[in-house]
Amino acid sequence: MATAFAANQAHDAHAKAGHAERPERLERVLEVVSADAQLQEALRAVDVATADLELPALVHSERYIQTIVDQVESGGGMLDADTYTTADSVQVGLETLAVQRALADAVLSGRATNSFAATRPPGHHATPRQPMGFCLFSNVAIIAAWMRHQHGVERIAIVDFDVHHGNGTQDVFYHDPDTLFLSLHQHPLYPGTGGVKETGSGAGTGTTINVPLPARAGDAAYRYAFEQVVAPALEAFEPEVLLVSAGYDAHTDDPLAQMQLSAEGFALLCYRLRDIADRACSERLIAALEGGYDADALAASVQASLHVLTGIGAPPAVDESAPDATTKQQIDDVARLYQLD
Ligand SMILES: [Zn+2]
């Protein structure tokens with residue numbers, strides 16, 4: 001097993017004083033990864049070629065890209081109430097895409113079995129026409145579109161465990177029967193979408209799966225949702241590759257949400273995803289960082305995830321406790337809706 005790993009190096013040029021989506025997030029992750037001798041031994045670096053604006057144009061409208069370029073060329077500003085740019089944000093956004101593309105290429109060409117992109121800003125809220133939620137480009141959706149365009153990959157599954165609903169990724173593939181998008185998220189919470197009834201549209205009906213979870217659901221709820229919904233849905237879909245929007249803001253210490261996941265809980269999610277990828281799509285799992293706003297919790301959770309992807313240490317311990325009855329019912333309802341039970 002080889003795990004490819006890369007980070008965007010110039011990310012600190014995208015920063016705004018007092019904003020939660022800040023360079024310290026990634027700096028702390030890289031400090032922890034650098035200090036971990038086992039990871040340094042196991043992780044494989046990749047060469048990253050530069051990306052140009054043709055890459056985000058696979059998903060975003062010309063007008064969308066021009067709006068960002070214009071604001072950045074004027075020195076930066078706000079794209080919406082939450083989403084800032086600086087004079088260097090296009091460059092940072094493209095470097096994020098370049099890193100994720102290089103890692104996807106390593107996996108698809110067989111040089112690595114799985115990969116993790118330590119990149120920022122996140123991407124999963126950016127819709128084809130609207131930047132939002134700290135996101136400039138819809139990173140994972142763009143990489144999925146690129147894999148289809150460049151590598152001829154047809155069936156792609158995307159699992160998004162960021163605590164916020166991945167509305168942007170969902171929008172990109174809402175009508176697409178060949179891309180399964182599955183999001184687990186706190187609900188209600190920003191951006192407000194991600195209800196059970198959002199199942200896709202037209203030919204894509206049934207290939208969008210939302211698992212909204214109540215605040216304070218913890219490791220047991222996620223474990224149960226994986227058993228009842230995530231694993232059976234992915235196995236039935238038979239993807240050629242599994243993309244993961246790996247956001248860590250469901251951690252109990254995160255300031256932007258009220259979930260109660262632990263770093264070990266994230267390790268278990270990654271273990272389960274790796275296990276599914278082993279069986280469903282020849283181990284091909286491509287993970288990219290999304291949210292996670294407590295830098296220490298983020299770094300510990302990414303480290304635990306990387307241990308799982310590289311196969312370091314024993315499998316994470318399984319918390320066998322059951323979720324509370326209401327949460328269990330909600331998860332069972334999703335399984336029933338998609339006839340996974
Ligand atoms: Zn988030």
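Select helix H8, residues 263-280, in this predicted model. At 1.5 Å a residue, the 18 residues of H8 should span 26 Å, and the C-alpha atoms at its ends are 25 Å apart, so expectation and model agree. Next, colour H8 by burial: 13 of its 18 residues are buried, which means that the helix is largely enclosed by the rest of the structure. Step just past H8 to Ser282, where phi is positive, at about 50°.

Now add the two strands that accompany the helix. E9, H8 and E10 make a β-α-β unit of right-handed sense.

Keep E9 and select residues 241-246, the extent of this strand. How many of its residues are buried? Six of the six are, and the strand is mostly covered. In a regular strand, side chains alternate between the two faces of the sheet. Display the side chains of Val241, Leu243 and Ser245 for one side of E9, then those of Leu242, Val244 and Ala246 for the other; all of these residues are buried, and both faces of the strand are thereby covered.

Turn next to the strands paired with E9. Which residues make up E10? Select 285-289: E9 and E10 pair in the parallel sense, over five bridges. Within this pairing, centre the view on Val244, which has Ala287 of E10 opposite.

Finally, select E6, residues 156-160, which also pairs with E9 in the parallel sense over five bridges. Here, Ile156 is the residue to pick, as Val241 in E9 stands opposite.

Key
Residues are numbered from 1 along each chain as its sequence is written. This is a predicted model: local features need pLDDT of at least 70, side-chain atom pairs count only at pLDDT 80 or more; totals for chains, interfaces and linings use all residues. A residue is buried if 20 or more other C-beta atoms lie within 10 Å of its own, exposed if 12 or fewer, and partly exposed in between; C-beta atoms are placed from the backbone. Helices (H or I, at least four residues) and strands (E, at least two) are DSSP runs, numbered from the N terminus. Two strands pair if DSSP finds at least two bridges between them. A crossover is right-handed if, with the strands pointing away from the viewer, the path from the first strand over the helix to the second runs clockwise. The expected span of a helix is 1.5 Å times one less than its number of residues.
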